[in-house]
Amino acid sequence: MSAGELVSLLQGILQSRHCCKMESSPANSCCFCLTLRTGTILIGVGNYTLYLCLFTWYLTSSSIDTGGLRDGLDITSLDISIFSIFCIQILVNILLLVGAVKRIPSHTIPWLCANAVSMMIAMVFIGITILFGTTKLNLNYSEYVTSLTIMGMVTDINLFCWIVVFTFRNNLIMEAQIERIPSEMECSAANNQQTTSSHPRLYQTPLHLHIMRLKDTKKASL
């Protein structure tokens with residue numbers, strides 16, 4: 001086998017692996033009608049709008065009587081908690097939008113972490129409501145069912161959005177790995193050609209080397 005044939009064989013193996021990876025890439029669809037990127041952008045815009053509306057409602061609504069900053073009084077611990085949650089959610093949703101538009105997978109990590117924490121807190125509240133809703137929380141049957149239904153629906157929607165963003169991040173990482181394969185193949189082929197041209201004897205078969213030694217021996221005997 002010559003050096004050129006060996007290089008061609010290696011390139012064929014790498015190309016076949018590249019094709020297999022392309023075929024095994026996951027589907028890039030969300031809700032059967034949108035791409036994962038579009039779905040992620042809609043999730044970021046929806047969450048950003050939702051938290052902005054909730055914070056505005058908290059500051060302007062007259063149905064909430066908690067005192068504090070909204071009534072012109074000193075800042076309470078509730079005001080600090082609401083403001084902190086609002087800032088975190090706005091920041092992570094902006095990062096999610098930037099990551100989805102510019103295809104940067106690392107920008108989706110803060111959103112995934114923040115919403116994973118919120119889902120765990122929601123699950124804790126659901127468990128407490130199931131165990132102590134009608135006893136220590138003094139909820140009647142309609143309030144008990146309504147609270148569980150609302151918390152369950154919110155948690156399910158949040159979980160679905162989390163899966164969409166997580167899958168989108170995995171697709172971005174896989175696409176980046178696939179794009180690096182052709183450049184690596186080209187660099188490997190160029191290195192092999194340079195090595196073959198500078199050191200041709202390194203890619204010769206043992207039989208060829210044995211024949212060359214016999215020829216050298218004959219020349220020396222003559």
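Leucine 137 counts as partly exposed because its relative accessibility is 41%. Partly exposed lies between buried, under 20% relative accessible area, and exposed, over 50% (1.4 Å probe, protein chains only). Leucine 137 sits in the loop between H4 and helix H5 (141-198). Helices (H or I, at least four residues) and strands (E, at least two) are DSSP runs, numbered from the N terminus.

This is a predicted model, in which local features need pLDDT of at least 70 and side-chain atom pairs count only at pLDDT 80 or more, while totals for chains, interfaces and linings use all residues. Residues are numbered from 1 along each chain as its sequence is written, and side-chain values use heavy atoms, with hydrogens and water left out.

**Surface patch**

Leu137 belongs to a nonpolar patch on the surface. The other members are Val117, Met120, Ile121, Val124, Phe125, Ile128, Ile130, Leu131 and Phe132. Together they and Leu137 have about 930 Å² of accessible area. Patches are made of residues with over 30% relative accessible area and no salt bridge; like charges are joined within 9 Å, nonpolar side chains (Val, Leu, Ile, Met, Phe, Trp, Tyr) within 5 Å. Accessible areas come from the Shrake-Rupley method with a 1.4 Å probe; for residues, only the protein chains shown count as cover.

**Confidence**

The chain has a mean pLDDT of 77, and 63% of the residues score at least 70. pLDDT is the predictor's confidence in each residue, from 0 to 100. Helix H4 (residues 109-132) has the highest confidence, at a mean of 92. Helix H1 (residues 3-23) has the lowest, at 50. Over residues 18-25 pLDDT stays under 50, and the model has 7 contacts for them beyond four places in sequence. Contact means heavy atoms within 4.5 Å.

**Overall architecture**

The secondary structure comes to 6 helices and 0 strands. From the N terminus on, the order is α-α-α-α-α-α. The chain has 222 residues, and 23% of them count as buried. Its accessible surface is about 15,100 Å², with 68% belonging to carbon and sulfur atoms. Among contacts with a separation of 6 or more, 61% join residues 24 or more positions apart.

**Helices H2 to H4**

The expected span of a helix is 1.5 Å times one less than its number of residues. The table compares spans for three helices.

| Helix | Residue count | Expected span | C-alpha to C-alpha, end to end |
|---|---|---|---|
| H2 (36-60) | 25 residues | 36 Å | 36 Å |
| H3 (77-102) | 26 residues | 38 Å | 38 Å |
| H4 (109-132) | 24 residues | 34 Å | 35 Å |

Each of these helices has buried residues. In H2 they include Leu36, Thr40, Ile43 and Phe55. Those of H3 include Asp79, Phe86, Asn93 and Leu96. In H4, Trp111, Leu112, Met119 and Ile126 are among them.

**The salt bridge**

The structure holds 1 salt bridge. It pairs glutamate 175 with arginine 103, and the closest N and O atoms are 3.8 Å apart. Glutamate 175 lies in helix H5 and arginine 103 in the loop between H3 and H4, so the pair ties together parts that are 72 residues apart in sequence. A salt bridge is a side-chain nitrogen of Lys or Arg within 4 Å of a carboxyl oxygen of Asp or Glu.

Both partners are partly exposed. Glutamate 175 has a relative accessible area of 34%. For arginine 103 the value is 42%. Arginine 103 follows H3. Its phi is near 60°, a positive value in a residue other than glycine.

**Helix H5 and its contacts**

Valine 164 is found in H5. It counts as buried because its relative accessibility is 6%. Valine 164 touches Cys30, Leu36, Thr40 and Ile43, leaving aside residues up to four places away in sequence. Valine 164 and isoleucine 43 are 121 residues apart in sequence, yet their C-alpha atoms are 9.0 Å apart in space.

Methionine 151 also has its place in H5. Its relative accessible area is 22%, so it is partly exposed. Methionine 151 touches Phe125, Ile126 and Thr129, again not counting residues up to four places away in sequence. From methionine 151 to isoleucine 126 the C-alpha distance is 6.8 Å, and the two are 25 residues apart in sequence.
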